[in-house]
Amino acid sequence: MKAIQYSSYGGGANNLKHVEITVPTPKKDEVLIKTEAVSINPLDIKVQHGSFRPLYPKGFPCVPGGDVTGEVVEIGSEVKNIKVGDKVIAMLNVYAGGGLAEYAVAREILTVQRPPEIPAAEAAGIPVAGLAAYQALTHHDGIKLDGSSSDKNVLITAASGGVGCFAVQLAKLANVHVTATCGERNIEFVRSLGADEVLDYKTADGAALKSPSDKKYDLVIHCASSIGWSTFAHQLTSHGKVIELNSGPKSYWSVALRRVTFSKKQLVPLSFSPKSDHLEILVNLMKEGKLRTAIDSKHPFDEAEKAWAKSAEGHATGKIIVEF
Ligand SMILES: NC(=O)c1ccc[n+]([C@@H]2O[C@H](COP(=O)([O-])OP(=O)(O)OC[C@H]3O[C@@H](n4cnc5c(N)ncnc54)[C@H](OP(=O)(O)O)[C@@H]3O)[C@@H](O)[C@H]2O)c1
């Protein structure tokens with residue numbers, strides 16, 4: 001089968017090779033999917049870069065890609081709820097990869113049905129970005145999508161990115177007040193997703209995260225990088241929380257500092273969990289027309305390296321999709 005591989009850390013899109021490899025065989029609890037679309041995530045780029053070495057990727061050569069949709073063509077002996085011919089969305093281990101190939105194996109418990117209402121490209125964009133947005137909003141601050149958290153005031157940074165686009169829409173489904181940051185070119189787009197107020201991150205007020213209506217934030221879903229704690233501290237309510245998607249050593253130092261000083265304002269590093277019940281919630285919202293995948297661009301498999309390079313640039317508006 002056709003696949004994309006890299007054989008060493010680094011090198012970006014230039015280090016990706018089109019190769020012919022053997023079709024994988026599903027284990028007893030796995031399904032084999034004929035791939036229709038895959039989304040590229042910044043996490044895929046970070047794995048190639050070596051940000052998680054020596055743990056990931058698990059070895060070289062590596063087929064990257066974790067967000068996959070397609071048709072099931074074979075099932076393992078213990079698979080119960082999925083059959084050959086089903087259209088599915090699967091969460092492969094994004095750190096280990098396997099998605100950018102004609103066929104991919106996925107665990108049954110991390111695979112959900114794809115309703116006919118959801119096109120393949122939109123489906124492929126959901127897993128990592130959708131789950132990160134959903135879990136950041138609902139897990140750590142208990143925002144409820146049923147609208148019962150409507151008194152909350154939420155800031156979403158990098159709202160034009162893959163995660164941010166989902167976060168804005170989900171926050172508006174929860175009926176909270178949303179302030180969002182993005183570049184000037186995306187202000188109208190982010191408003192169209194439902195944001196109440198939008199800040200251009202390159203202006204002074206945008207860099208200071210200052211709410212145009214002078215509101216303090218109960219919760220920040222922080223999808224951008226390079227914003228220091230002191231900037232957030234000024235803009236949070238007394239019990240405000242920052243859920244940080246880009247956590248590094250500095251974040252953990254900051255978390256420790258908040259604890260020893262008994263600060264009520266918190267920084268919470270997020271590591272999303274691939275959970276099929278959460279993915280099903282997002283798929284159902286999409287089926288009902290309440291949520292959509294904003295798509296930056298679609299690239300044919302033969303030009304997958306262009307998709308990779310686009311993601312690595314860090315200027316996507318929504319999700320970058322590779323189609324077969
Ligand atoms: N911890 C986890 O579990 C987890 C899960 C998923 C993702 N992540 C991380 O979350 C981050 C966001 O992911 P993503 O998929 O949304 O990325 P993305 O799609 O690549 O985000 C790109 C967007 O971010 C905007 N942007 C960049 N810097 C900004 C800033 N300082 N202020 C406002 N907007 C800014 C860009 O706007 P311009 O083009 O105008 O600059 C662009 O539209 C990534 O670092 C990713 O690795 C973490």
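Where in the chain is Asp 214 found? Select Asp 214 and you will land in the loop between α6 (204-207) and β11 (217-222). Keep in mind during the tour that this is a predicted model.

**Stop 1: two positive phi angles**

Stay on Asp 214 for a moment and check its backbone: phi is positive, about 60°, although Asp 214 is not a glycine. Asp 214 counts as exposed because 6 other C-beta atoms lie within 10 Å, and the cut-off for exposed is 12 or fewer.

Now follow β11 onward and select Ser 226, in the loop between β11 and α7 (229-235). Ser 226 is another residue other than glycine with a positive phi, here near 60°. Ser 226 is exposed, with 6 other C-beta atoms within 10 Å.

**Stop 2: the ligand shell**

Next, show the ligand and the residues around it. There are 30 residues surrounding the ligand, and the closest are Gly 161, Gly 162, Gly 183, Tyr 201 and His 315. Colour the shell by class and you should find 15 nonpolar residues, 14 polar ones and one charged.

Then colour by domain. Domain 1 (2-126 + 293-323) and domain 2 (130-269) each give at least three residues to this shell. Among elements, α1 (42-49), α3, α4 (162-173) and β9 (177-182) each contribute at least two residues to the shell.

**Stop 3: helix α3**

One of those contributors deserves its own selection: take residues 127-138, which form helix α3. Its twelve residues span 16 Å from first C-alpha to last, close to the 16 Å expected at 1.5 Å a residue. How many of the residues of α3 are buried? Ten of the twelve are, so α3 is mostly covered. The buried ones include Pro 127, Val 128, Leu 131, Tyr 134 and Leu 137.

From Gly 130, which is one of the buried residues in α3, draw a distance to Asn 246. The C-alpha atoms of this pair are 16 Å apart, with their positions 116 residues apart along the chain. Asn 246 sits in the loop between β12 (236-244) and α8 (249-260), and is partly exposed, with 17 other C-beta atoms within 10 Å.

**Stop 4: strand β15 and its partners**

Select residues 319-323 to see strand β15, a mostly covered strand with four of its five residues buried. On one pairing, β15 runs antiparallel to β3 (residues 30-40), joined by four bridges; look for Ile 40 bridged to Ile 320. The other pairing is parallel: β14 (residues 295-300) meets β15 over five bridges, with Ile 295 partnered by Lys 319. To get from β14 to β15, the chain passes through helix α10 (residues 304-313), and this β-α-β crossover is right-handed.

Before leaving β3, pick Lys 28 in the loop between β2 (17-20) and β3. Lys 28 is exposed, with 10 other C-beta atoms within 10 Å. Add Glu 78 to the selection: it is 50 residues away along the chain, yet the two C-alpha atoms are separated by 5.1 Å.

**Stop 5: two cis peptides**

Finish in the loop between α1 and β4 (67-75), where Pro 57 lies. Which residue is joined to Pro 57 by a cis peptide bond? The partner is Tyr 56, and omega is about 0°. Pro 61 is found in the loop between α1 and β4 too, and a cis peptide bond with omega about -5° joins Phe 60 to Pro 61.

Terms used:
Residues are numbered from 1 along each chain as its sequence is written. This is a predicted model: local features need pLDDT of at least 70, side-chain atom pairs count only at pLDDT 80 or more; totals for chains, interfaces and linings use all residues. The expected span of a helix is 1.5 Å times one less than its number of residues. A residue is buried if 20 or more other C-beta atoms lie within 10 Å of its own, exposed if 12 or fewer, and partly exposed in between; C-beta atoms are placed from the backbone. Two strands pair if DSSP finds at least two bridges between them. A crossover is right-handed if, with the strands pointing away from the viewer, the path from the first strand over the helix to the second runs clockwise. A residue is near a molecule or strand if its C-beta atom, placed from the backbone, lies within 6 Å of it. Ala, Val, Leu, Ile, Met, Phe, Trp, Tyr, Cys and Pro count as nonpolar, Asp, Glu, Lys and Arg as charged, and the others, Gly among them, as polar. Domain bounds come from an automatic or database domain assignment.
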